[in-house]
Amino acid sequence: MDVNMGQWGYIGMRAPLVCLALLLLLSQPHHCCCQDPQGHPQGPSNSPHFLFTQPVYHATVYENSAARTYANSKVKMGIHLAQRSWEIRYRITSGDEEGFFKAEEYVLGDFCFLRIRTKGGNAAILNREIQDSYLLTVKASVKGEVLETWTKVTVQVLDMNDLRPLFSPTTYSVTIAESTPLRTSIAQVTATDADVGSNGEFYYFFKEKMELFAVHPTSGVVSLSGKLNIEEQNRYDLEIQAVDRGMKLYGNNGVSSTAKLFVHVERVNEHVPVMNVVTHVPSWLDKDPVYAVVTVEDLDKGLNGEIESVSIVGGDPLKQFTLERSESDEFAIKASDQVDWENFPYGYNLTLQAKDKGAPQKFSAVRVVHIMVKKPQAVEVKFKQESYEISLIEISPPGMIVEVVKITPEPDDAEYILTPSADSSYFRMNTLTGVISTTRWFTEVTQDVFDLEVVEVDSELRVKVRVSIEDANDNTPTFTQSSYEVFVNESVPVGSTVLTVSALDGDSGENGYITYSIASLQPLPFKINQFSGILTTTQELDFESSSESYVLVVRASDWGSPYRRESEVNVTVHLENVNDNQPLFEKVACQGVVSRDFPTDEVITTMSAIDIDELELVKYKILEGNEREFFDLNPDSGVLTLRRSLSTASPKNGIFSLKITATDGENFSDPMFVNISIVHGKSPPKSFNCRETRVAQKLAEKLLNKSKARTKPKIEEGFIDLFSVNRQTPQFDKAFPADISVREDLKVGSSVFKVNAYDGDTGFNGQILYAISDGNTDSCFTIDMESGLISVFLTMDREKRDRYLLNITIYDLGLPQKTTWRLLTIYIEDANDNAPQFLQEGGYRTVIPENMAIGTDVIQVEATDKDLGPNGEIVYSVLTSTTQFGINSSNGIVYVAGQLDREFVSNFNLKIEARDRAEKGNQKFSVTTLKISLEDVNDCPPAFIPSVYNTRALEDLPVGTVVAWLETQDPDLGLGGQVRYSLANDYNGKFEVDKASGAIRLTKELDYETQQFYNLTVRAKDKGRPVSLLSVTFMELEVVDVNENLYTPYFSHFALTGSVKESARIGTTVLQVTARDDDNGRDGEIQYSIRDGSGLGRFAIDEET
């Protein structure tokens, strides 16, 4: 880097150029005219040419010049002599009111020079600082002629270094902090010099050697070049001098001005803490959430830079938030108690302020931080339904799930209870799942509606649950009498009502609607109205030919489904006998022959009549044909005898036709006729021919039928309805397993297992109901009461419970009811429903040395997965792209994989993923952060900035001037980053370096003429332990020459005259001019040259002689 020292005060000394013109004058005619003072030509046109060579001339003269000092002009001033006889006179007519100048004429050849000089005697001395230029009007006239002309001469007064710098003010006082950084400008002193150019240039420098401070040689800015320590010294009195560069060059080093600078050092708590806030919006469900992270920075050193605390000074009236210090200057805003978000739905505006440990303490500006939480949508917590209406069939067995009642949104710790009541005793509430199930049978309960109240404990929300019991066909019709008995006259007409049976059924609807029927395998002379239960006759009753009593089984059936329920009752109908049968003759239409001499009282024939009603009460009587009483009929036996002799009989046509009847006392039989023919002679044997009526046979058949009818009721009574008896107990299928397995992610409603059972009975006796009577702890399962299909009712969580031992109970619907049970173990198979969780919430942090070897273990991040098998196996990986660190994929150990360098990267923020190895479905993962901070090791030598220095310094810079600042960068911390400077060579004490600040100062004056370049070897060494590190560089300093050519060469004569023959050869010496220079050395060496004149090009001059 080129260090430009030009601004430190190098200003070249400009010297006026003095030219010696060798004028070789040739006689040439010149025309001249006169000019007025304004320079306009005057006089007749044929007058000689009388005119200045220029209307305006410029000349210079130094201030303080001695008397009779001539002003210098770069051009010749004057008039060409048109006539050699002219005697020209010059006079200053205006512009020199103070009388500083005089105009003189000097004739050389055909030219009359105008020369301006200072007056002698008591004339005043020129002072540039008062007036630096004069405009003179010079009049030229010819003695004895009327020719006149004018010109103007501007005389510039040149500066002489006649003034020294002056401070204003001369005393300065500043107060600086002890912690002021090196190279900081702390003050500026100001001096002025009325001289101009190099004469007005000066340098600032300390009167005495000063290591802690440096002053810029040209600007007067005082900067700090060393470390302050108030314990050692708290005030510095500095004397600063300003020396004129011109005087220094002339050798007058003692002429300078002095100013005093008082530097007061204070241990100032200069900087206020500055807070930087990064807000977070945690979730409503986060545990120990962090709402914001506050980092505080204080640029002060020591206690002044240490942060005592960060406080909440406003916005938290309930003191719900705290600031927890996690690192030295890092604070986390957390909740100290349950935050009242309900009354502050838009969050809190917390006002924070930090204070340091300085004396006096300084407070940061207050900072308002808006604290929010990521809440779920403003959803009112309520039960999913305003009320619940549930229908439950009354044959539901105990353990039957009725309903699940939940609030929404439901917190993890929701707890449900049933408000105790008479109705609630029939039900049970699973307090964790909100599932209501039955605890007993409802078949014996007459109550149709149960009103329940469910309460969620934490929110105290309540909801009504009404359970309506649906009727099932569980009641058998019951007759109002255990049996019926009635007496019926056998003579009642067909269709007569015998009696009315009545049955009751406790069910409702069709389940309680009853129809009646007669259950008989034999035809009966009765029928029953299926709706009213009225028993009527269907045919005539006959006591004589049928059973004297009937035992009927009347069946009452309901209309229920899937089967009808029936009951039977015995109805006994007794027939009351009525004399409703007339006697019937066994033989009718009898014809026989009797001789006249047939003896009296002899039996002719016997009448036989049968009365079914009264077999022994038949009476006989001759109605007609025995008017003369020849015959006698025994009324009881029916024996017909001859009462008197027939000898006198003279029947019509010789035949007695007897009309005979039989009676049972009420009814008369149909008459029968006995025709007796009378013959004369010997009486033939009795022979009567009758037509058989087969009445006896018919009677025997009736009696047989009656006998049979009497045995029928016994058979009916002995009949057993095998279909109405609940004989068998329901049985599980032989293939019923002891256990089954089901995946935990099976959706609600999915089928799990179908329980198969059988019952050998029919109807309700064989109908099976299924129930989970125990073991359904989390209400995860339900079973279809009729089909036995077990399905998922609530989601399962294997990590909470991995098996359920269910008591599967089966019932039939017979009376009495029969039941059996079996145990079924359901194993919950793992599903990949849990992501790996890192054991340490909020991420990991660790600090390691930056020189830790590759392959070294850094930290172990560990995660767990509640799942089993591959679902619970974890693979670790680093998501952040880095070559410095790697991770063992199986155990989560983070190790060093590449070279570390704290100075290049001091902190690594890694994202680490823990992912399971699920083979089915999507794999689950979690991500955590790992912050690795590298601890400094002194591994970096100081690095020069730039690596090589190039600087320039004016040779006249004062001793003590800082010619360069060394700067290094050492990224190490602590002592390893503290650098000390030294010089390997100082060129015999010409340079020195401040070991702390790196300021290189001049300790001796430079001399360009003696040495133009210096190559300094500089060293920088840190203070690291146990080994300090060293760097070396080079600084090339170029000495810049300062113009020490103080004096202008001057000729000893204003003009010289020489002559040469026109036939002289080239190279002939004409004359020699001589000039002088008061400078020394090379600055005093003179070179000659011809610059102007009419002889330019015709003559040559030796530049050295």
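How much space lies in the second largest cavity?

**Exercise 1. Describe the second largest cavity and its lining.**

Solution. The model is predicted, so that local features need pLDDT of at least 70 and side-chain atom pairs count only at pLDDT 80 or more, whereas totals for chains, interfaces and linings use all residues. Residues are numbered from 1 along each chain as its sequence is written, and side-chain values use heavy atoms, with hydrogens and water left out.

Step 1. On a 1 Å grid over the protein atoms alone, a cavity is a set of points where a 1.4 Å probe fits but cannot get out, and lining residues have an atom within 4 Å of a point. Grid points are joined across faces, edges and corners, and a volume is the space filled by probe spheres set on the points.

Step 2. Searching the whole structure gives two cavities of 30 Å³ or more. The second largest cavity holds about 50 Å³ of space.

Step 3. Its lining consists of Gly399, Met400, Ile401, Tyr770, Ala771, Ile772, Phe781, Thr782 and Ile783. At least two of the lining residues come from each of β59 and β60; strands are DSSP runs (E, at least two residues), numbered from the N terminus.

**Exercise 2. Determine the setting of Ser437.**

Solution. Step 1. Ser437 belongs to strand β33 (residues 435-438).

Step 2. Ser437 is buried, with a relative accessible area of 8%; buried means under 20% relative accessible area, exposed over 50%, and partly exposed in between (1.4 Å probe, protein chains only).

Step 3. Contact means heavy atoms within 4.5 Å. With neighbours within four places in sequence left aside, Ser437 is in contact with Gly399, Met400, Ile401, Val402, Tyr426, Phe427 and Arg428. Gly399, Met400 and Ile401 also line the second largest cavity.

**Exercise 3. Identify the largest nonpolar core and the elements that build it.**

Solution. Step 1. A nonpolar core is a set of buried Ala, Val, Leu, Ile, Met, Phe, Trp, Tyr and Cys residues joined through side-chain atoms within 4.5 Å.

Step 2. The largest such core has 32 residues, and Phe427, Ile436, Val454, Val465 and Val467 have the most contacts inside it. Two or more residues each are given by β28 (387-393), β31, β32 (427-430), β34 (449-456), β35 (462-470) and β59. The greatest contribution is that of β35, with four residues.

Step 3. Not counting residues up to four places away in sequence, Val454 touches several residues, including Phe383, Tyr416, Met429, Ile436 and Val465. A second, separate core of 29 residues includes Met77, Phe100, Ile116 and Val153.

**Exercise 4. Set out the architecture of two open sheets.**

Solution. Step 1. Strands of a sheet pair through backbone hydrogen bonds, either parallel or antiparallel. Two strands are taken to pair if DSSP finds at least two bridges between them.

Step 2. One open sheet has four strands in the order β20-β21-β24-β23, with antiparallel pairing. Its edge strands, each pairing on one side only, are β20 (274-279) and β23 (321-327). From one strand to the next, the twist averages 25°; axes are lines fitted to C-alpha atoms, and angles run from 0 to 180 degrees between N-to-C directions. Six bridges pair β20 with β21 (residues 290-297) in the antiparallel sense, and Asn276 stands opposite Thr295 in β21.

Step 3. Another open sheet has four strands in the order β37-β44-β43-β40, with mixed pairing. Here β37 (483-489) and β40 (514-518) are the edge strands. β37 and β44 (residues 566-576) run parallel and are joined by seven bridges. His574 in β44 is the bridge partner of Phe487.

**Exercise 5. Locate backbone geometries that depart from the general rule.**

Solution. Step 1. Most residues other than glycine have a negative phi, and most peptide bonds are trans.

Step 2. The peptide bond from Thr408 to Pro409 is cis, with omega near -10°; Pro409 lies in the loop between β30 (407-408) and β31 (416-418). From Ile945 to Pro946 the bond is also cis, with omega near -5°, and Pro946 lies in the loop between β73 (943-944) and β74 (949-954).

Step 3. Arg183 has a positive phi, near 70°, in the loop between β12 (171-177) and β13 (185-188). Ser779 has a positive phi near 55°, in the loop between β59 (768-774) and β60 (781-783).

Step 4. Which of the terms buried, partly exposed or exposed applies to Arg183? Arg183 counts as partly exposed, at 39% relative accessibility. Ser779, by its relative accessible area of 4%, is buried.

Notes: On a 1 Å grid over the protein atoms alone, a cavity is a set of points where a 1.4 Å probe fits but cannot get out, and a pocket is an open set with protein on both sides within 12 Å along at least five of seven lines; lining residues have an atom within 4 Å of a point.
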